[in-house]
Amino acid sequence: MKQQFFKLYLIITVSLIALVLAFGQLYNQFFLEQTPSIQLSVDELALIAQHKDTRINAFNQNELILPDSLQASFDRDGIISVNENGQQFVYLKSDNGAIQRVGPITLISQSKNDWLAFFAFYILLAAMILAFIRPVFRDLGLLQRAAYRFSKKPQRIELDIKPNSSIAPLANTFTHMSDRITQFVQLHNDLSRIISHEIRTPLSRMRFALSISECETEESIQIERDIDEIELRLEQYLSFARLEHQQSVFNQEKTNLTRLIETEIHKFELYKELKFSVKLDVINAYCEASFMAIAVQNLLINATKYAKHTILIHSAEESDFYTISVTDDGSGLPINADALIEPFKQGEGDKLASGYGLGLYIVHRIASWHGGVISLANNTDTGGAEIAIRWPKSGK
């Protein structure tokens with residue numbers, strides 16, 4: 001903010017000085033009658049009056065020989081000052097062409113006083129500009145620091161800015177905005193807790209019903225696993241919400257990425273009609289394991305909706321990055337593919353679209369938390385969609 005303040009202050013000051021100088025030149029040229037003049041002290045004028053005969057001499061035009069440049073000035077203005085043998089003389093021309101020489105005299109020079117007044121005026125102008133814009137930038141600095149604190153922790157922000165400040169309306173709007181956002185965040189947290197509680201109740205009843213059932217089939221075992229998975233995901237999504245609002249710490253650790261991906265693939269064993277082709281070239285990687293598992297699961301869920309026969313899962317390691325890609329053999333990405341990573345967005349004309357359009361958005365957010373990106377493209381071999389996440393190996 002200080003750099004912007006000094007830059008604006010310099011621009012305004014230089015612009016105003018240039019404007020005043022330009023206006024002064026125009027005023028002198030078009031509005032002031034340029035009458036040549038000389039300045040004498042009172043004592044010098046008294047000496048001329050006392051010695052009129054000896055200090056004022058008449059000449060004819062032919063008796064005065066001047067250089068061409070000085071002659072032109074004399075013809076134009078009718079007055080010139082000349083230094084002769086270290087003494088100053090003034091030549092005057094009357095209307096009838098007669099020339100009179102006054103001197104020797106001492107002329108008064110005002111150059112030093114003029115420069116002093118010049119600098120004094122512009123120093124005063126710069127001080128006035130500083131007094132005008134400094135309070136504005138001071139208040140803007142307060143607003144900037146408050147916005148930074150709000151970005152770290154959403155809470156109502158009260159700014160110590162006077163009502164007569166130039167940015168008082170902006171400060172009041174910011175306070176109102178911070179209050180509304182804080183309420184929204186609190187509502188979001190409350191809803192997350194309520195939803196978590198309301199979902200756990202029917203899940204508990206389902207688990208109890210399975211526990212007293214005498215029929216223990218592969219399907220019932222899978223259902224119980226799914227109930228465990230739902231409860232686990234509830235906890236993870238609550239952590240997701242807390243992390244989104246920076247209420248917890250995001251830690252990346254060395255993780256067995258192969259085991260993590262295989263665990264997520266194992267949860268889709270009931271999809272007998274689909275073949276999962278796996279090529280995992282990365283054993284260990286730095287990531288946040290629970291959230292990376294959510295990302296992989298969402299990629300697999302998205303692929304199972306569109307795949308016809310085969311889903312390809314591939315992990316790769318480059319010089320500085322890890323990559324996980326999931327490819328299906330479906331009909332490919334819709335026209336608005338880039339919009340799929342936005343919340344509540346689905347493909348245009350996608351008849352298989354279901355849910356709330358949050359799956360790829362969640363993958364995108366998890367990738368960004370890892371310092372990475374998500375990419376969407378159509379695979380030339382399968383003809384279906386290939387969605388990948390890529391993040392740096394540094395673990396930062």
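Q: What makes strand 10 and strand 11 a pair, and in which sense do they run?
A: 6 bridges join strand 10 to strand 11, and the two run antiparallel. Two strands pair if DSSP finds at least two bridges between them, so this pair qualifies. One example of a bridge links Ala377 to Glu386 in strand 11.

Q: What kind of model is this, and which rules apply to its values?
A: This is a predicted model, in which local features need pLDDT of at least 70 and side-chain atom pairs count only at pLDDT 80 or more, while totals for chains, interfaces and linings use all residues. Residues are numbered from 1 along each chain as its sequence is written, and side-chain values use heavy atoms, with hydrogens and water left out.

Q: How do you know what to call a helix or a strand here, and how many of each does the chain have?
A: The names come from DSSP runs, numbered from the N terminus: helices are H or I runs of at least four residues, and strands are E runs of at least two. On that basis the chain has 10 helices and 11 strands.

Q: What joins strand 10 and strand 11 in sequence?
A: They form a hairpin with 6 residues between them, and Gly383 in the turn has a positive phi of about 85°. You can look at another hairpin for practice: strand 2 and strand 3 have 2 residues between them, with Asn85 in the turn at a positive phi of about 55°.

Q: How do you know that strand 2 and strand 3 are paired?
A: Count the bridges: 6 of them join strand 2 (residues 79-84) to strand 3 (residues 87-93), in antiparallel fashion. Glu84, for instance, stands opposite Gln87 in strand 3. Strand 3 is also joined by 5 bridges to strand 4 (residues 99-105), again antiparallel, and there Tyr91 stands opposite Arg101.

Q: Which sheet includes strand 10 and strand 11, and what is its strand order?
A: They belong to an open sheet of 5 strands with the order 6-8-9-11-10 and mixed pairing. General background helps here: strands of a sheet pair through backbone hydrogen bonds, either parallel or antiparallel.

Q: Why are strand 6 and strand 10 called edge strands?
A: Strand 6 (275-280) and strand 10 (373-378) each pair on one side only.

Q: What holds strand 9 on its two sides?
A: Strand 8 (residues 310-317) is joined to strand 9 (residues 321-328) by 7 bridges, running antiparallel. In that pair, His314 has Ser325 as its bridge partner. Strand 9 and strand 11 also pair in the antiparallel sense, over 7 bridges, with Ile324 partnered by Ile389.

Q: How do you know that helix 10 packs on the sheet?
A: Contact means heavy atoms within 4.5 Å, and helix 10 (residues 359-369) touches strand 10 and strand 11. The direction of helix 10 makes about 135° with that of strand 10. Angles run from 0 to 180 degrees between N-to-C directions, with axes as lines fitted to C-alpha atoms, for helices over the stretch in contact.

Q: What makes helix 10 "mostly covered"?
A: Buried means under 20% relative accessible area, exposed over 50%, and partly exposed in between (1.4 Å probe, protein chains only). In helix 10, 8 of its 11 residues are buried, including Tyr361, Arg365 and Trp369. Strand 11 is mostly covered too, with 6 of its 8 residues buried. Across the chain, buried residues make up 33% of the 396 residues.

Q: Why is Asp329 called buried?
A: Its relative accessible area is 15%, under the 20% cut-off, so Asp329 is buried. Asp329 lies in the loop between strand 9 and helix 10. Leaving aside neighbours within four places in sequence, the contacts of Asp329 include Lys308, His309 and Thr382.

Q: Which residues line the largest cavity?
A: The lining is made of Leu299, Asn302, Ala303, Val326, Asp328, Ala385, Glu386 and Ile387. Helix 9 (289-306), strand 9 and strand 11 are the elements giving two or more residues each. A cavity is a set of points on a 1 Å grid over the protein atoms alone where a 1.4 Å probe fits but cannot get out, and lining residues have an atom within 4 Å of a point.

Conventions. 1 Å grid on protein atoms, 1.4 Å probe; cavity = no way out; pocket = protein on both sides within 12 Å on 5 of 7 lines; lining within 4 Å.
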